[in-house]
Every structure is written in structure tokens, then in C-alpha cells.
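Q: Could you take a close look at one part of this model with me, the strands and whatever packs against them? I'd like to see how that part is put together and how it sits in the rest of the chain.

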Amino acid sequence: MSGTDAVMRRVFAVREREAMDAATEAALAGLAARVRELTEAVVHTAVDPAEAAAVAAEVAALAARLNAARRAEPPIARIGGNGLVRQLANPVSGALNPVAPPVEIEFTPDGGVRTAFTLNGVYEGPPSFVHGGVSAMVLDQLLGAAAAANGTPGMTATLELRYRRPTPWGVPLTATAKVSRAEGRKTWADAVIAGPDGRTTVEATAMFIMPVGAHGDGGSSGDVADGDAPRG
Ligand SMILES: CCCCCCCC/C=C\CCCCCCCC(=O)SCCNC(=O)CCNC(=O)[C@H](O)C(C)(C)COP(=O)(O)OP(=O)(O)OC[C@H]1O[C@@H](n2cnc3c(N)ncnc32)[C@H](O)[C@@H]1OP(=O)(O)O
């Protein structure tokens with residue numbers, strides 16, 4: 001069992017949530033994808049006020065249909081049979097969360113992580129560019145995944161950002177992250193986002209700390225971290 005698996009067992013399996021079956025997961029991922037389209041349509045629509053009000057009433061009715069059966073907490077899925085879980089509604093990478101772009105993170109052979117993604121106008125900050133807080137959110141997740149890939153996951157303790165150039169929305173972006181150092185409960189990692197021309201737009205450095213409860217003292221941190229478990 002890897003170090004990450006061990007932490008996952010201690011931290012994420014603490015509070016039992018009912019795991020979702022694959023068929024429900026696929027159906028809800030499809031729903032979330034349509035809601036992303038809806039959100040994008042809401043941001044860009046130029047319909048008249050009466051039409052906007054009519055659509056609002058339909059959307060309210062749809063929310064009521066979904067609320068007819070509610071989970072108390074966001075959904076998880078089990079990985080294998082050993083208590084490991086994956087958070088399906090993570091706000092960065094969760095396929096079941098319409099707020100997530102989603103950013104799909106791959107683990108690379110060099111021990112780091114990478115992703116190729118596009119952010120649409122929903123994530124605009126300065127006109128025609130991505131909101132800096134959205135870039136920070138993507139980088140926090142990516143850096144956290146790099147720490148996990150290194151077998152030394154943790155909670156974000158510090159996150160430092162250097163915005164070198166504006167990040168455009170609506171074009172293909174790439175991002176990578178890798179651990180630079182791990183010492184005791186602390187792990188440092190670096191990440192960058194690059195535009196379509198390959199030039200860096202944002203650089204980030206983070207330090208993650210593994211909570212004491214997750215460090216084999218038999219206790220628990222009492223809650224589920226907002227990470228998304230590595231696939232597989
Ligand atoms: C947990 C396991 C996760 C597992 C994940 C597995 C799979 C993942 C897969 C896929 C990717 C996941 C991607 C996730 C991405 C998103 C992550 C987030 O958004 S996390 C939410 C935001 N962060 C918080 O809310 C933290 C809030 N803070 C805390 O919970 C604590 O402060 C914590 C755990 C960070 C530290 O608490 P203490 O009680 O363990 O720390 P003390 O024992 O006081 O200090 C230990 C050492 O660390 C330093 N330290 C503590 N906090 C520091 C800080 N904020 N900055 C700098 N140094 C700090 C101290 O000075 C001390 O240093 P000296 O050993 O004396 O040298």
C-alpha cells in the first residue's frame with residue numbers, strides 16, 4: 001500500500017458516506033455536463049427579460065425535482081474494496097459538480113501531474129481573461145494532487161502565486177505540478193499554468209501539511225479533506 005493509500009484510509013474513510021454506484025455516477029456526470037452548458041448559456045444569454053423569467057421558472061422546477069431526493073453530503077465513490085474513496089463533486093476536478101470546469105488531472109511518469117483544460121467565459125475575471133482566484137483554485141488542486149502522487153498528501157498550509165501574464169479564457173491551457181521537497185509532515189510543490197503559446201501565465205508554490213490525525217496516531221482529523229483521490 002502506498003503512503004497516499006494509507007492516508008486515504010485514515011482520513012477519508014473516517015466518516016462513512018454511502019458510495020455511489022457506477023450507473024448513477026454516469027447519469028449524474030451527464031446531468032452536471034448539461035448544467036455546465038446551462039451556466040455558460042446564462043452568462044452569455046441575450047434573450048429578453050420575459051424569456052429569462054420563463055426559463056428561470058423552468059429551472060426552479062428542475063431544482064425541485066432533483067431536491068425530491070437529497071443526499072446530506074456530496075457524493076463519493078469507492079476505489080477498490082479497501083475503504084478508499086474518490087470525491088465525485090470536487091469543485092475543480094469533480095465530474096459531478098457543475099461548478100468544476102472540470103480539470104482532469106493525469107499522473108505523469110516523472111512523478112508529477114499534468115492537465116490540459118479550457119476555461120470558458122463563466123470563469124472570467126478581467127475582461128477576456130481568467131479570474132485570478134480561479135487560477136489559484138486550479139493550481140491548489142494540481143499542487144495537492146502532486147503531493148498525493150508523491151505519497152505525501154496533506155492540507156494546503158501555504159499557497160503563493162505569481163501572476164506573470166494574463167491567462168486567456170476560451171483557449172487550450174496546460175498546467176503541471178511537481179513536488180520539490182518533502183520533510184516530516186510537510187511537502188513543497190511547484191506548479192505552472194501555460195497558455196496556448198506555451199508561455200507561463202501563472203506560477204505557484206505551495207506547502208502541504210499532513211494533519212496529525214492522518215499520520216498514523218490512530219486518531220482522525222474528523223472530516224473529509226476537500227481533495228479528489230487519484231483515479232484508480
Ligand atoms: C489531509 C490529507 C489529504 C489527503 C489527500 C489524498 C489524496 C489527494 C488526491 C488529490 C489531490 C488533492 C488536492 C487537494 C487540493 C486542495 C487542498 C485544500 O484546499 S486543503 C484546504 C485549505 N487548507 C486548510 O484548510 C488547512 C487549514 N489548516 C490546518 O488544517 C492546519 O493548520 C494544518 C493541518 C495545515 C497544520 O496544523 P497542525 O496542527 O498539523 O500544525 P502544527 O503542528 O501547528 O505545525 C506543524 C509545523 O507546520 C508549521 N505550520 C503550520 N501551519 C502552517 C502554515 N499555515 N504555514 C506555514 N507553516 C505552518 C508549524 O510552524 C510547524 O512547523 P515546525 O514543525 O515547528 O517547523
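A: Happy to. First, a word on terms: helices here are DSSP runs of H or I with at least four residues, strands are runs of E with at least two, and both are numbered from the N terminus. By that count, alanine 32 belongs to helix 2 (residues 22-44).

Please keep in mind that this is a predicted model. Its mean pLDDT is 87, with 83% of the residues at 70 or more. Residues 215-232 fall below 50, although this stretch has 39 contacts in the model beyond near neighbours in sequence. Where pLDDT is low, the predicted coordinates should not be read in detail. The model scores are ipTM 0.92 and pTM 0.88.

The chain has four helices and eight strands, and from the N terminus they run α-α-α-β-β-β-β-α-β-β-β-β. Of its 232 residues, 29% count as buried. Among contacts between residues at least 6 apart in sequence, 66% join residues at least 24 apart.

Now to the sheet itself. Six strands make up an open, antiparallel sheet in the order 3-4-6-7-8-5. Strand 3 and strand 5 (155-163) are the edges: each has a single partner strand, so one side of each lacks a neighbour in the sheet. Helix 4 packs on this sheet and touches strand 3, strand 4, strand 5, strand 6 (173-183), strand 7 and strand 8, with its direction at about 50 degrees to that of strand 6.

Let me stay with helix 4 for a moment. Its 18 residues reach 25 Å from first C-alpha to last, close to the 26 Å expected at 1.5 Å a residue. Because 13 of those 18 residues are buried, helix 4 is largely enclosed by the rest of the structure. Just after the helix comes glycine 151, with a positive phi of about 80 degrees. An unreviewed UniProt entry annotates residues 129-185 as "domain: Thioesterase". That span is 32% helix and 35% strand, and its end C-alpha atoms are 36 Å apart.

Strand 7 is a good place to look at the pairing in detail. Strand 6 and strand 7 are joined in the antiparallel sense by nine bridges, with alanine 175 opposite isoleucine 193 in strand 7. The hairpin of strand 6 and strand 7 has two residues between the strands, and glycine 184 in this hairpin takes a positive phi near 60 degrees. On the other side, strand 7 (residues 186-194) and strand 8 (residues 200-209) also pair in the antiparallel sense over nine bridges. Here aspartate 190 stands opposite threonine 205 in strand 8. Five residues separate strand 7 from strand 8 in their hairpin, and glycine 198 in the turn has a positive phi of about 85 degrees.

The two faces of strand 7 are set apart by their cover. Thr187, Ala189, Ala191 and Ile193 make up the covered face, while Lys186, Trp188, Asp190, Val192 and Ala194 lie on the uncovered one.

Two backbone details in the loops are worth a look too. Most residues other than glycine have a negative phi, and most peptide bonds are trans. Serine 128, in the loop between strand 4 (113-117) and helix 4 (132-149), has a positive phi of about 75 degrees without being a glycine. With 11 other C-beta atoms within 10 Å, serine 128 is exposed. The peptide bond from proline 101 to proline 102 is cis, with omega near -15 degrees. Proline 102 sits in the loop between strand 2 (84-87) and strand 3 (106-107).

Finally, the earlier helices for contrast. Helix 3 is hardly covered, with zero buried residues among its 19. Arginine 65 lies in helix 3 (residues 49-67) and counts as exposed, with 8 C-beta neighbours inside 10 Å. Over in helix 2, alanine 32 is partly exposed, with 19 C-beta neighbours inside 10 Å. Leaving aside residues up to four places away in sequence, alanine 32 touches Ala95, Leu96, Asn97 and Pro98.

Key:
Residues are numbered from 1 along each chain as its sequence is written. This is a predicted model: local features need pLDDT of at least 70, side-chain atom pairs count only at pLDDT 80 or more; totals for chains, interfaces and linings use all residues. pLDDT is the predictor's confidence in each residue, from 0 to 100. Two residues are in contact if their C-beta atoms, placed from the backbone, lie within 7 Å. A residue is buried if 20 or more other C-beta atoms lie within 10 Å of its own, exposed if 12 or fewer, and partly exposed in between; C-beta atoms are placed from the backbone. Two strands pair if DSSP finds at least two bridges between them. Axes are lines fitted to C-alpha atoms, for helices over the stretch in contact, and angles run from 0 to 180 degrees between N-to-C directions. UniProt positions are given in the numbering used here, feature names are shortened, and annotations may be inferred rather than shown by experiment. The expected span of a helix is 1.5 Å times one less than its number of residues.
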